[in-house]
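This report goes through the salt bridges, helices and surface of a single chain. The sequence and the structure come first.

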Amino acid sequence: SGFRGSTRPPPQNPSAPPGDPPLAPVLQLLRNQLREKDALIRHLENDWERSRAQREREERLLVTAWYNMGLAVRQQEGGMASRGVPSGAQSFLAQQRLATVARRARTPHGRAASS
């Protein structure tokens, strides 16, 4: 199974190609490499899962902070209105509705006043 004129002794295992090392050490080496790679993959997956959970916690904290800040601003505006400072409506849309109603009340039948 070797080249003509080869000085190599014939292989011990007739099914193995000439020049190959015995299979047992090579298989053990490959199994060890596979176990190391599996361990690395598990470690990376755990890191990714921890990072994802941390990002989700941070996003929830940001949303909560924005909500609380908006609530505090609204409460401040409400406190100013109760002290006699006119703050108008609570939301932008409500303010626009009040402005539209006030404008219509000044002009007869919703028409623009003549100048």
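## Salt bridge of Glu59

In this predicted model, Glu59 has a relative accessible area of 44% and is therefore partly exposed, since that class lies between the 20% limit for buried and the 50% limit for exposed. Its partner is Arg55: the two side chains form a salt bridge with an N to O distance of 3.8 Å. Arg55 is partly exposed too, with a relative accessible area of 44%. Both residues belong to helix 1, and because they are 4 residues apart, about one helical turn separates them.

The spacing fits a general rule. An α-helix has 3.6 residues a turn, so residues three or four places apart point the same way. Side chains of opposite charge can pair when their charged atoms come close.

## The network around Arg52

Glu49, Arg52 and Glu56 are joined into one network by salt bridges that share partners. On one side, Arg52 pairs with Glu49, and the closest N and O atoms of this bridge are 2.1 Å apart. On the other, Arg52 meets the side chain of Glu56, with 2.7 Å from N to O. The search of the whole structure returns 4 salt bridges.

The positions along helix 1 follow the turn of the helix. Glu49 and Arg52 are about one helical turn apart because 3 residues separate them in helix 1. Glu56 and Arg52 are 4 residues apart in helix 1, again about one turn. Each member of the network is partly exposed: Glu49 has a relative accessible area of 34%, Arg52 has 23% and Glu56 has 30%. The value for Arg52 is above the 20% limit, so Arg52 does not count as buried.

## Helices and the annotated region

How many helices and strands does the chain contain? There are 2 helices and 0 strands. Helix 1 covers residues 23-82, and helix 2 covers residues 92-106.

The UniProt record, an unreviewed entry, places a "coiled-coil region" at residues 27-61. In the model, residues 27-61 are 100% helix and 0% strand, with 51 Å between the end C-alpha atoms.

Helix 2 can be checked against the expected rise per residue. With 15 residues at 1.5 Å each, helix 2 should span 21 Å, and its end C-alpha atoms are indeed 21 Å apart, so the two values agree. Helix 2 is hardly covered, as the count of buried residues among its 15 residues is 0.

## Surface and burial

Of the 115 residues in the chain, 3% are buried. The accessible surface of the chain is about 10800 Å². Carbon and sulfur atoms account for 60% of that surface.

Which residues form a nonpolar patch on the surface? The patch consists of Leu23, Val26, Leu27 and Leu30, which together have about 350 Å² of accessible area. Leu23 lies in helix 1. Its relative accessibility is 59%, and Leu23 therefore counts as exposed.

Methods
Residues are numbered from 1 along each chain as its sequence is written. This is a predicted model: local features need pLDDT of at least 70, side-chain atom pairs count only at pLDDT 80 or more; totals for chains, interfaces and linings use all residues. Side-chain values use heavy atoms; hydrogens and water are left out. UniProt positions are given in the numbering used here, feature names are shortened, and annotations may be inferred rather than shown by experiment. The expected span of a helix is 1.5 Å times one less than its number of residues. Buried means under 20% relative accessible area, exposed over 50%, partly exposed in between (1.4 Å probe, protein chains only). Patches are made of residues with over 30% relative accessible area and no salt bridge: like charges are joined within 9 Å, nonpolar side chains (Val, Leu, Ile, Met, Phe, Trp, Tyr) within 5 Å. Accessible areas come from the Shrake-Rupley method with a 1.4 Å probe; for residues, only the protein chains shown count as cover.
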